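Work through these short exercises with the structure in view. Try each task before you read its solution.

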Amino acid sequence: MGEHLLTLAIGFLAQGFFSARMLVQWILSERAKQVLSPSLFWILSLAGAYLLCLYGWLRHDFAIVLGQFISYYIYLWNLKMKGVWRHIAWPLRALLLLTPIVAIGFVMENAGEFVDRFLRNEEVPLWLLLFGSAGQILFTLRFVYQWLYSNHEGESRLPAGFWIISLVGSLTIVAYGLMRLDIVLIVGQSFGLVAYIRNLCLIKNEKKRERLSA
């Protein structure tokens, strides 16, 4: 019981960081009347990813762990683009860079146990694992898209495509959370839906203003 409560606490704290990043981004964007990509958004993203990956590990949920691994280094890239990375103390930078590598090494050293715990989990049928993993991959691809777009533009930005992928991916993860009876995923993703839609509205309004002023 105590372990279960600790796992839930870690999961809710992770979602708290993710919700906070959306709230910060939302408020700052509303003030500017355009969609922004603030540094704090990426800092909170990194903190949330750390904790949610731990939550997924404790839940023996491969779909959750996979999603965080894909986007992790993109968060670091955005911090570099924002000029934040160079201000982080080198021991912390080393820790942030090496954590996923160490985790992968641990998995490879204990491959049999990993397969039994995560891919042969009796609580998560294979079809549901595939569905959840597809949702996490789709949701995480928004950051791959954001990285490609920002790299092309030469600055960290959150374009319309990012929010569209976020919306579709989030709905998929909510469905997965409902089937898994995972309150952490359901609550965490439901909050973001409002912010995704609002950011799309801000982008639409911004483009409308640009057309009128042209």
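**Exercise 1. State how much surface the protein exposes, and what share of it carbon and sulfur atoms supply.**

Solution. Note that this is a predicted model. Start with the total: the protein exposes about 11400 Å². Then take the share: carbon and sulfur atoms supply 69% of that area. Now turn to the residues. Buried means under 20% relative accessible area. By that cut-off, 42% of the 214 residues count as buried.

**Exercise 2. List the elements of the protein from the N terminus on.**

Solution. Count by kind. The protein has eight helices and zero strands. Now read along the chain: the order is α-α-α-α-α-α-α-α. Next, look at the contacts between residues at least 6 apart in sequence. Of these, 76% join residues at least 24 apart.

**Exercise 3. Describe the second largest pocket and its lining.**

Solution. Work in four steps.

1. Volume: the second largest pocket has about 400 Å³.
2. Residues: 18 of them line this pocket, and Y149, R157, L158, P159 and E206 are the closest to its centre.
3. Classes: the lining holds eight nonpolar, six charged and four polar residues.
4. Helices: α6 (126–153), α7 (160–180) and α8 (183–213) each supply at least two lining residues.

**Exercise 4. Which helix gives the most to the lining of the second largest pocket?**

Solution. Begin with helices that supply at least two residues each; α6, α7 and α8 do so. Then pick the top contributor. That is α8, with four residues.

Note on methods
Residues are numbered from 1 along each chain as its sequence is written. This is a predicted model: local features need pLDDT of at least 70, side-chain atom pairs count only at pLDDT 80 or more; totals for chains, interfaces and linings use all residues. Side-chain values use heavy atoms; hydrogens and water are left out. On a 1 Å grid over the protein atoms alone, a cavity is a set of points where a 1.4 Å probe fits but cannot get out, and a pocket is an open set with protein on both sides within 12 Å along at least five of seven lines; lining residues have an atom within 4 Å of a point. Grid points are joined across faces, edges and corners, and a volume is the space filled by probe spheres set on the points. Ala, Val, Leu, Ile, Met, Phe, Trp, Tyr, Cys and Pro count as nonpolar, Asp, Glu, Lys and Arg as charged, and the others, Gly among them, as polar. Buried means under 20% relative accessible area, exposed over 50%, partly exposed in between (1.4 Å probe, protein chains only). Contact means heavy atoms within 4.5 Å. Accessible areas come from the Shrake-Rupley method with a 1.4 Å probe; for residues, only the protein chains shown count as cover.
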